[in-house]
Amino acid sequence: MRKQQAMGVRTDVELSIDRRVLKHVHDNVHGNIYLEPLFLKFIDTEQFQRLRELKQLSLAHMVYPGAVHSRFEHSLGVYWLAGKAVDTINSYQGFELDIEHLDIQTVKLAGLLHDVGHGPFSHSFEREFLPRLLNGFTWCHEDMSVKMIDYIVDEHNIEIDSEYLKKVKEMITASNEHTPTKSMVEKHFLYDIVANGRNGIDVDKFDYIVRDSRACGLGCNFQFERLMETMRVIGDEICYRAKDYLTIHKLFATRADLHRTVYTHAKVKAIELMVTDALLKANDSLGISSSIYQPAEFWKLDDSILRRIEISTERELKESRDLILRIRRRELYQFCNEFSVPKDKMEHFIKITPQDIVCSQKSGGVTLKEEDIAVSNVKIDLTRGRNNPLECIKFFKEYESDETFPIQDDRISHLLPAFYQDMIVRVYSKKPELVEAVSEAFENFQLKTYGMKTQVHATPEKKKRRT
């Protein structure tokens, strides 16, 4: 139980909101969500409403039929949790930290708008599609979110203080390399709530872990409420009770499980690879990649691009249409096999390409071409690559003390992982009749690279015989 007097409980009645001006939305994860007039100015724009047309989990609904939720509801959820987080800190440490009403509004608006610049088909758009077109130019949805916010403000004449808006945008990009350093910002702990670049614990993860698990019909033992209720700011950083160590570990472990079982499911990846190929073949005709530079054009791009291609009669889009038709008829790229990169090879691992597989086939038999093969290099970690993210977290023992300290895994349990990253290489045959040839070439690649077959078992004979 917290000692409110020791923590400096804040009870400012002037910060209360008139309920008559609030809009009430019922969310299937968080229950009742209340939206204030300022936030409605952003929500009630065509640019924000576009998020309804972006499925949160890309094409996972083709495997998990319930996974049809959108980035719209996720954004509302992050807005609500961001408000809950900063309200909790304000309640107990408001005077001590000099938290103002504007600080609360800034964090909530950052939560609401953090994904407003997201591309279609979740992260495959920026990690699979764009890299094959941009020749080294990097594009990320956080940067587009920043541009889109400015565009919405200008397009809809939203009156908002420029310094306030600048902080909102900095909070959205706080987890990437453009993050302001601690010395450059006041109240740096506020920048850890929506997109935490320091240790990865943020309300964005709190929402999508619970929301995605529920939509896919999976259980979720992680309870973010425990962390929200007990977190505390010490030294301008959000810290957690030592007794919550395993709860935090469960956050990262649950996220990794979702990556393995849902986000990178072998069939989900097969469909994403097919959609990526369809978009690449349609790009010249539709100018998809040309829209990523200006928000005035980008907001018009959403998941419906697939339907647009599918129903078109243009000759230039025939190859793309054929790929989409294959998806509809479940004639997918055939998963041949996979292996997990050995731990001692992880540090210097270079992504495997179709060319690597083609060059590993033995002479005689079918001659494979690069366009016959698709390769997916799947990285799954606990948010910090090969490092333990919990080493970046500061813990405290009790509310009466300001002492913080790190905790090593072996001080808690010997059952926790000693390694924090997986790299899985999956190979697909784009034609069912080539599964056997691709599988054999893939096995040869493993023997040539690692001196052994690192896959768990051979490709099933039944799959090899498909035509």
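Reader: Which residue is the bridge partner of Arg241 in E7?

Author: In this predicted model, the partner that Arg241 finds in E7 is Phe396.

Reader: How do you know that E4 and E7 count as paired strands?

Author: Two strands pair if at least two bridges are found between them, and two bridges join E4 to E7, so the requirement is met. These two strands run parallel, within an open sheet of three strands whose order is E3-E4-E7 and whose pairing is mixed.

Reader: What makes strand E3 (232–234) and strand E7 (395–396) edge strands?

Author: Each of them has a single partner strand, so one side of E3 and one side of E7 are left without a neighbour in the sheet. Helix H4, residues 71–97, packs on this sheet and touches E3 and E4, and the direction of H4 makes about 25 degrees with that of E3.

Reader: Why is the space lined by Ala85, Asp192 and other residues called a cavity?

Author: The word applies to a set of points where a 1.4 Å probe fits but cannot get out. A search of the whole structure finds one such space of 30 Å³ or more, and the largest cavity has a volume of about 70 Å³. Among the residues that line it are Ala85, Asp192, Val203, Phe206 and Tyr240, while helix H9 (203–215) and strand E4 (237–241) are the elements that give two or more residues to the lining.

Reader: Which kinds of residue make up the lining of the largest cavity: nonpolar, polar or charged?

Author: The lining divides into nine nonpolar residues, no polar ones and two charged ones; Asp counts as charged, and both Asp192 and Asp202 belong to the lining.

Technical notes: Residues are numbered from 1 along each chain as its sequence is written. This is a predicted model: local features need pLDDT of at least 70, side-chain atom pairs count only at pLDDT 80 or more; totals for chains, interfaces and linings use all residues. Side-chain values use heavy atoms; hydrogens and water are left out. On a 1 Å grid over the protein atoms alone, a cavity is a set of points where a 1.4 Å probe fits but cannot get out, and a pocket is an open set with protein on both sides within 12 Å along at least five of seven lines; lining residues have an atom within 4 Å of a point. Grid points are joined across faces, edges and corners, and a volume is the space filled by probe spheres set on the points. Helices (H or I, at least four residues) and strands (E, at least two) are DSSP runs, numbered from the N terminus. Contact means heavy atoms within 4.5 Å. Axes are lines fitted to C-alpha atoms, for helices over the stretch in contact, and angles run from 0 to 180 degrees between N-to-C directions.
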